Amino acid sequence: MEFLLKPFMFTSDLVEDTVEVVISSGDLPWPQNVILCVPLLSSQVTLHEQAECLATQAFLRMHGLNFTLDERPNAEYMSVTAKLPLLKIDDHFVAGFDAITTYARLRIRKQLTSEQESAIRPYVEMINVTVRNAELYAAWVDDTNFRSVTAPRYGSPYPFPLNKILPLLKRVQIKAFLTENSPLASMDDVRESLNSDMKALSERLGPRPYFLDDLNTNELDALVYGHLTALLTSKLPEGNLTELVHRHQNLVQFCQRVDRKKEMGMNSELHTTTVVTSMRRLPPVVLKSDV
Amino acid sequence: MQNPRHELEVWRGDWQLLSIDPECLRAAAYVRLSGAPVSIVQNAEPWSIVSGAYPVLRGENKSQISGADAIVKRLRSDGFRCPHEANQMTTYEEADAYALEGYIKSSLSPLLDYLWWADEEFFQKVAQPWYTKELSLYGQFVWTNRQKKRMLNRFMMTPDAQISEAKVKLFRKQTVQKARRCLEDLSVKLSDKTFLFGLQPSALDACAFAYLAPLFYIPWKSKEIRKELFMDNLDKFKNLKLYVDRFRKRFMEGSAISSVRLVQRPVRWYHRALEQIQKQQDILLFATFAIAVNVYLLRRTVRRLRFSWPAFENHARQKVQDSYAEMAKNLGMKAEMQPGA
């Protein structure tokens, strides 16, 4: 059984080292050839991954940082820590929303003050822990949702026996994680916890356009946008999660606003998308040192 | 909930704390702040509860509510609110309080768990003796080991992957970083106010106190973590330390402590024997060792004697052969039939 679980395991702490090296190297311009690797956004990606991919894209686009979006079915296996999305910069990788924002924040002109940072950190943590756990539960643990949406999507790029086995393995792992780390026990709990999260976010946002500043956006805005959009567009039959967001109209309007802002920051020449749909003929990822 | 027959059962305390467990402390602090008529019971038998963990609120008809979150919610719905919440709390502050509670919990509770269970020096020198003092035999030998195993397993899990043993170090690094950031944020948030939202305490203060107090009061052993969190020279988090002291003196001591009942451990017949054994542990250990060595030497000598004494062996074989011959004779068979001849 162990060898089957191997792709999900940690093999090195490359990512953490990368971030440290970058921080110590000081203030640098945004590199040219940056590739953002994500799973297939239309057919493969599951709820929480979709949220994080959307958030990362929104963050980079809002700040005008150019990148090439690379959709490939094996993105999860490329990431050393199995975190998504994966940012490839020349020779090294940065994985996960938090690491990417830490990396990018050093290259943005407008820095947050330490007070502003400590004001948004509780909300970032809330989304990364409670909202994320609720999404994991809704998508992976609930039987109806798992069978009708998550399992077919997650297994879609693989041939027959694998497309049944891999979702089940992933589900076992996520169940084990949730039983230890969250008090969620049913879909009612999920709805309740998501509802109080949404309420807190809505109260915090109030009538203002963005969370911290009236003009500028930061990673909290990106993260909230990613998770709310994923919830609003989710097709999970059980739980009725979309309705939870629709209860708070200012959050829905906030999403539309960020959508517009994101498109303004987008330069069509800089943002190209490559999509690889077949698992069989994957183009290799070329590192700079190989060229 | 008008009658004081409601009981809040929490872990026993030590090191000037009402309870050693942060979640129990949180529930107890909320009871104190809101002035709900609930008496607090200190106990140490978590395996006897259905949910398997303190705190538990016991009401009439044997109803039980477990978990600090559920208890706080229940008390709130029954109209017992903290002074600040009852008077003037804006929706903006409510949202902040909700987010901060989750933030404190998710960044400090892994650190406390790590310090208590995974720091070997602390566990052997402080935690285990404490359990020996407070728990019954089952707790000391079975529950503690199970809990420790469970906790260590938990440290190795992340939402995306399972880490190997070697990655506990990485976990430690991340946990300490996260906790330090949280302490910095709280320090900024508190600055020089009496409570987090000004002059009157709220539910958030109960939560903050519950997670900060064990960090400051329990004598943690790990030197690196002490250094990284500035536990020894508290210039950086001085306001937090003062805040915790103030909160404890005002709400968790003196007249407040009088309604706390401690469930005594029943005296069993074997306790005296155990005490004697503990007193004379060294002698007993030495005696056991000496006896074991003697027995081993004796057996070895006997075995060698038996193998290096052919006369004895021949004698035994002869005896067996004789007995076979006699048996054959009695059965009326020939003596050549005997085996091994």
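# Notebook: cysteines, salt bridges and helices

I looked first at Cys24(B), whose sulfur lies 13 Å from the closest cysteine sulfur, in Cys207(B), and this is too far for a bond. The cut-off I applied is that a disulfide is a pair of cysteine sulfur atoms within 2.5 Å. I noted for background that a disulfide is a covalent bond between the sulfur atoms of two cysteines. Cys24(B) is also buried, with a relative accessible area of 0%, where buried means under 20% relative accessible area, exposed means over 50%, and partly exposed lies in between, computed with a 1.4 Å probe on protein chains only.

**Conventions.** The model is predicted, so local features need pLDDT of at least 70 and side-chain atom pairs count only at pLDDT 80 or more, while totals for chains, interfaces and linings use all residues. I number residues from 1 along each chain as its sequence is written, letter chains from A and number ligands from 1 in the order in which they are written, and use heavy atoms for side-chain values, leaving out hydrogens and water.

**Disulfides, continued.** How many disulfides are there over all chains? By the sulfur–sulfur rule the count comes to zero. Cys255(A) is accordingly in no disulfide, the nearest cysteine sulfur being that of Cys53(A), 16 Å away. I recorded Cys255(A) as buried, at a relative accessible area of 5%.

**The annotated domain.** For residues 195-258 of chain A, I found in UniProt, in an unreviewed entry, the feature "domain: Metaxin glutathione S-transferase". UniProt positions are given in the numbering used here, feature names are shortened, and annotations may be inferred rather than shown by experiment. Over this stretch the chain is 66% helix and 0% strand, with its end C-alpha atoms 22 Å apart. I take helices (H or I, at least four residues) and strands (E, at least two) as DSSP runs, numbered from the N terminus.

**Salt bridges.** I noted that side chains of opposite charge can pair when their charged atoms come close. My criterion was a side-chain nitrogen of Lys or Arg within 4 Å of a carboxyl oxygen of Asp or Glu, and by this rule I count 25 salt bridges over all chains. One of them joins Arg247(A) to Glu243(A), with the closest N and O atoms 3.1 Å apart; Arg247(A) is partly exposed at 44% relative accessible area, and Glu243(A) is partly exposed at 29%.

In chain B, I found Glu23(B) and Arg26(B) meeting in a salt bridge at 4.0 Å, N to O, and both residues lie in helix H1 (residues 22-34), three residues apart, about one turn of the helix. Arg26(B) counts as buried, at 3% relative accessibility. Through shared salt-bridge partners, Glu23(B), Arg26(B), Asp69(B), Glu101(B) and Lys105(B) are joined into one network.

**Helix H6 of chain A.** Arg121(A) and Glu117(A) form a salt bridge at 3.1 Å, N to O; they both lie in helix H6 (residues 114-141), four residues apart, which is about one turn of the helix. Arg121(A) is buried, with a relative accessible area of 16%. Where does H6(A) bend? I placed the bend, of about 30°, at Ile120(A), with a proline, Pro122(A), following within four residues; the bend at a residue is the angle between axes fitted to the seven residues ending there and the seven starting there. The 28 residues of H6(A) reach 38 Å from first C-alpha to last, close to the 40 Å expected at 1.5 Å a residue, the expected span being 1.5 Å times one less than the number of residues. Because 21 of these 28 residues are buried, H6(A) is largely enclosed by the rest of the structure.

**Glu52(A).** I located Glu52(A) in helix H3 (residues 47-62) of chain A and asked whether it is buried or exposed. Glu52(A) is buried, with a relative accessible area of 8%. Leaving aside neighbours within four places in sequence, Glu52(A) is in contact (heavy atoms within 4.5 Å) with Leu84(A), Pro85(A), Phe97(A), Arg132(A) and His227(A).

**Chain B and helix H8.** Chain B has 13 helices and five strands, and buried residues make up 43% of its 341 residues. Ala208(B) lies in helix H8 (residues 203-217) and is buried at 1% relative accessibility; outside its neighbours within four places in sequence, Ala208(B) is in contact with Ile104(B), Leu196(B) and Tyr243(B). I noted that H8(B) is largely enclosed by the rest of the structure, because 15 of its 15 residues are buried.
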